[in-house]
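Here's a quick briefing on a structure you may want to poke at. Have a look at the backbone and at where the chains meet, then read on.

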Amino acid sequence: MDNEKIIRREKIKNIIFQVAPVVGLIIMFALFMILAVIKDINIPYSMKNILNQSVIVVVVATGAIFIYTLGSFDISLGANMCVSALIGAMAYNRTNSLLAMLAFCLGTAVLISSVCSILASVFNLPVFVTTIAMLSMLNAGVLMLIGANGTGDIVQVPAAAVSAINTTWFKLLVLVAYLAISIFVFNFLKLGRQEKFVGGNPECARLTGLNNSRLAILGFIMAGIGVGLGAFLTITYAPTLSRNTASSVGMDVIISIVFGGMPVSGGSRSKIYSAVVGALSMTLLSQIMLMLNLNSGISQMVKAIIFILVVYISMSDNRKNILPR
Amino acid sequence: MTKGKRLAGTIIIPVLVLIITNVICMSRGVTMFENSLNWLTFARAVANVSLVTFALSINLNSGRFDFSVGSIALLSSVFSATLAVNHELSPVVMLALSLLFGMLLGLASGLVYVTVKLPPMIVSLAVALFYEGMAYHFTKGHGVSFINNRELLDFASIPNYLIIIAVALIFMIIVFDHTTFGYEYKALQSGQKVSVNIGINEKKNTVICYAIAGLLMGAQGFVSSTTTGSIQMALNFGSIGPMFMAFLPMFIGGYIGRFSNDKLGYLLGAVSTSLISLLYVRLDVNSSVQQVVSALLLVGFLIFLNNENRIKNLFRKH
């Protein structure tokens, strides 16, 4: 009887921890709506802004879940996106074809992601450090591409060329399509299950015959697709690209994923929806700060406190007598 | 291992880098150390890189990734520079304040980590955001400028940098190799669970580690700010940049550590990377090429470290 009680209590606890990020998002949304009504703010316009700001991070973060599930970490996602967007924009300027632009965005992002993971697999390098080196190379690549384009500090696609797809519906369509594919691959194909296994216990997974390197490469390819789509959406939203394009995306992705309840160690508790919940929550939080007229410094401090509180609640069933590393 | 082998293993990388960088310079008709300004640039780079490397290595070697080191340097230097400018304090007092603030900020970061017991990477993200925000709010986004304060700017001299480097190295060696804290740190590093089970106070040890890392970053913030006479604000993780310069020296230090003391290794790693930085300056290499070369060096060295046996076997067969 006592055991049953303990098991039930543990189950309830687990559910609370799992829904904490979603509850956080709902609270954030409610707060946003209340403030919008009080301050008489145009809600549809604000919602559109929130979508515009969060959709790119959601797409990139959704792909990044495939890397994080393995217990890996890629700090070069933002720089990868910037390079892919620059190459996509240059491809458009040469061909006047949006399809070519999409193809180059996707191709470049997947290629860069693959190189990173293949390098790490072939030479037994720690993935994280490989992505640090890649970050440095890509930042240099951004400067070279902008310089090579001969337009000074920017690479530009005519706004008229992308105006037809710079709509909320198109962005939602891309987002939903990529989310659907990711959910299918993650939850219904072997890849997702195997990734969770590797993330949970890489040694055990290897001993049971799983090829960890192959899984890492596939995970990075899935992330690359997200980065490529993010690059494409970036051009449609802001067709003037500079060295600062997507500069904060890499860290926004990490924050969003963790905020959405994803454990950084990966494994079986990984969820695709963490990316959506986290990115939306962070964007809503930023909007709330704006509505409260907080300066950037205070707003970032409040963000940090809320971030740690939400993550603390959503991960508090995982504490042991030794400190996590 | 013989003394000769130890010595060779310890100095081989910096000596090789010194020879290669000088040969490259000479082939382009440039002298690496032509005037005192070149020496100053070199000494400053060694001081900056070695301080960040020491700070980052303390937690990273224990599996704790710390994104917040840059933000600690930023905030501690903002506080100390503001006080120094407003109260016309001397550079030594500003350095002392920077160290104190750095240590306190590191201590706070460590306390948050041991209290919430979340993965250190997550905690350091939140701490970095918080400290960046605090620095921004404190200076109202304008940063701190003291470009007309000759007394503070005159601190930037080779002897001063050498003193800072020497003190930091001696401090690191004494604290981590010759104290109970250091022994416990190493025990926790190699066997966390066993160490906790035999009674080592992990929380106390960890908080001290963060405080020491903060202290070192306080010094780095001071060196960095007295170089330019201004402190620029950074938001949205703009402060994590300095962290990246520490990876290559850290790996070089790890390699040298096999032959001698790992802290000395970090310093020699910093010397090696600073020689490369000076080479960039002397040859006027543009920043894109610098970044690519640095990244290739990092990957190349890591490939060597992680495939040493394979490479040795390759040579043995032939």
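Keep in mind that this is a predicted model. Two topics are worth your time here: a pair of residues with positive phi, and the contact between chain A and chain B.

**Positive phi in loops**

- Take Asn124(A): it isn't a glycine, yet its phi is positive, at about 55 degrees.
- You'll find Asn124(A) in the loop of chain A that runs between α4 (98-122) and α5 (127-149).
- Asn124(A) counts as partly exposed because 13 other C-beta atoms sit within 10 Å, and a residue is called exposed only at 12 or fewer.
- Over in chain B, Asp284(B) is another non-glycine residue with a positive phi, this one near 55 degrees.
- Asp284(B) also belongs to a loop, the one between α13 (262-283) and α14 (287-306) of chain B.
- With 8 other C-beta atoms within 10 Å, Asp284(B) is exposed.

**Where chain A touches chain B**

- The contact draws 39 residues from chain A and 42 residues from chain B.
- On the chain A side, the elements giving two or more residues are α5, α11 (249-259) and α13 (296-314) of chain A.
- The top contributor on that side is α13(A), which puts in 11 residues.
- By residue type, the side of chain A that touches chain B splits into 25 nonpolar, 11 polar and 3 charged.

Key. Residues numbered from 1 in each chain as written. Chains lettered and ligands numbered in written order. Predicted model: local features only at pLDDT ≥ 70, side-chain atom pairs only at ≥ 80, totals over all residues. Helix = DSSP H or I, 4+ residues; strand = E, 2+ residues; numbered from the N terminus. Buried ≥ 20, exposed ≤ 12 C-beta atoms within 10 Å, placed from the backbone. Contact = placed C-beta atoms within 7 Å. Nonpolar A, V, L, I, M, F, W, Y, C, P; charged D, E, K, R; others polar.
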